[in-house]
Amino acid sequence: MNARGHLVRALTGMVGATALIAGILLPHPQAAQAAGTTHWPIAGAGSSWSANALEAWMRNVWDNYRWKVTYDNSGSSAGRSLFAAGTVDFGVSEIPYNLKGSDAADPAPPRKLAYMPIVAGGTAFMYNLTIAGKRVTNLRLSGEVITKIFTNKITVWNDPAIAADNPGLALPAIPIVPVVRSEGSGTSAQFSSWMRSQHGGLWSDYCVDVGRGANCGITSNYPVVPGSKFVAQSGSNGVSGYVAQSASVGAITYVEYSYALNSGFPVAKVLNSAGYYAEPTASNVAVALLKARINNDAASPEYLTSDLSGVYTDADPRTYPLSSYSYMLLPTALEYNFTEDKGLTLADFASYFLCEGQQSAESLGYSPLPINLVQAGQEQVQRIPGGNPTIKGISACNNPTFSPDGSNKLANEAPLPQDCDKQGATQCTTGTGGARATSTVASGGAGAGGSSAGGAAATGSEGTTGSASDGQTVVGDETTIDSTLPISVAASPQGLPWGGISTNVLMVTAGALLLAGVLLPPVLSRLRRRELGSVSASQAASARTKGL
């Protein structure tokens, strides 16, 4: 056999050895029926409340796996409408179809779908307020005061009701400018649902003022009194961007906590049922959502949707009353242009963010999903046609919420609030939200400097780490996120497929190539010497023949 033949045999042997190694080392999962074969681009639309998390996850899966996912954060109402029409492959909304108590018809579409929780968080009240030219970062508001501000009953910042919440501040006599959403918004629906539940009389009176009648319900389209100081802006970026302008002193809006972090602006601490003013940190949201009543009937069209009435009235001193979570609308049938290859991408993307993606939730201004919602979400992912996601189960799910016993670790470790956060004559001076590192100089009367009072927990009410100031934890640059930059999450891989090839296959292939690099050179060298020897012998024999 010549050298080429020996080489072919050697390479064939290497390939066979690689296949044998792969057969021994790699698992042999059964392929899902009718699974997609290519990660086809997918598009979604909906909630701007959830957009900061989704955009970070989309960057991550593109950078790591080259899965192309695009998203239009045009609002929950638009997302539900576009999904129903089949214009997009998935939708995202803070509220389901057929919301009970809604002021508008929003029936479930004929398109087959399932709800899947994607991320939890707190609807925050981001504001722009100064006293003597210095920014206020420690504002406190009760639920009644918030409702009166957004129903045009309290219109100036030095109103006695606001002053009662803030004994450490000499509030200015300037107009309040409530900034609301101009389009159909799940955030507006969540906010109006809370006001209708907890301050129904004020909300009904406001409905009469705007011409909707005393029995108006939960609304996605926020009503505005003509001639008032209200300003309407589109999207979460729109309302937060308006408040963040230097010319917008006096403005306040309702928006997901993440947007205040991105903008570097504070949020109001909201009075809870235990008599403490709480910020919508990840741990406070996690505590609050322990009281969410989740529809666990898998046969129900509203499976995994929630009733938040228990969250609003939770008596735990750590709870943030306006805590909730957002839903992804998943297709469960091959219809409306949804293909098996799209299903493969959507299933793998959902599998990724239920576990790996939740690690970045807190740094983005959200709260990771608890174990029960992740488990249920993984079941929903399996219903996506064409999907064949690599889901290893809870034990291999890199979600920071889980404890070995399955309890909500984040909620269990949430610190108690400080004494100066209790309703009364004292007030903490340290900042909140994106302005957490900036304290407010006390300007009021008896409550001035209230944060010097001892805290119920040494780590402060924020549940984060850093250098302490006034007995409260200060967080540095990690809470300020430049949304124009890609966000990479350092975490253990879930073994998700890359380009249609599993990580294990890539590892085995790389090992085989490394083995070939070590073994083939000496083999080829010996073959070359043998061939040269054969050629020399042949030439010598020929010469002897000619000599004869």
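Which residue caps the N-terminal end of α6? In this predicted model, the cap is provided by S185, as set out in the second legend below.

**Figure 1. Overview of the predicted model.** The protein contains 16 helices and 17 strands. Of its 548 residues, 52% count as buried. Contacts between residues at least 6 apart in sequence join residues at least 24 apart in 76% of cases. The accessible surface of the protein amounts to about 22,800 Å², and carbon and sulfur atoms account for 55% of that area.

**Figure 2. Close-up of helix α6 and its N-terminal cap.** Helix α6 comprises residues 186–198. At its N-terminal end, a side-chain oxygen of S185 lies 3.0 Å from the backbone nitrogen of T187. The 13 residues of α6 should span 18 Å at 1.5 Å a residue, and this agrees with the separation of its end C-alpha atoms, which are 18 Å apart. Because 10 of these 13 residues are buried, α6 is largely enclosed by the rest of the structure. The buried residues are G186, T187, S188, A189, Q190, F191, S192, S193, W194 and M195. T187, whose backbone nitrogen takes part in the cap, is thus itself listed among the buried residues of the helix.

**Figure 3. Close-up of strand β8 and its two parallel partners.** Strand β8 is formed by residues 177–181, and five of its five residues are buried, leaving the strand mostly covered. Strand β10 (residues 251–256) pairs with β8 in the parallel sense through three bridges. Strand β9 (residues 231–233) also runs parallel to β8 and is joined to it by three bridges. V179 of β8 takes part in both pairings: it stands opposite T253 in β10, while its bridge partner in β9 is V231.

**Figure 4. Close-up of the surroundings of L369.** L369 is located in the loop that links α13 (361–364) and α14 (371–381). With a relative accessibility of 0%, L369 falls under the 20% cut-off and therefore counts as buried. Leaving aside residues up to four places away in sequence, L369 touches the consecutively numbered P117, I118, V119 and A120. Its other contacts are with Y325, L354, Q358, V374, N399, T401 and F402. Of these, V374 belongs to α14. L289 is 80 residues from L369 along the chain, and the C-alpha atoms of the two leucines are separated by 9.5 Å.

Technical notes
Residues numbered from 1 in each chain as written. Predicted model: local features only at pLDDT ≥ 70, side-chain atom pairs only at ≥ 80, totals over all residues. Heavy atoms only, no water. Helix = DSSP H or I, 4+ residues; strand = E, 2+ residues; numbered from the N terminus. Buried < 20%, exposed > 50% of the residue type's maximum accessible area, 1.4 Å probe, protein only. Contact = heavy atoms within 4.5 Å. Areas by Shrake-Rupley, 256 points an atom, 1.4 Å probe, with all protein chains shown as cover. Pairing = 2+ DSSP bridges. Expected span 1.5 Å × (residues − 1). Polar contact = N/O pair within 3.5 Å; in protein donor to acceptor, adjacent residues only side chain to side chain.
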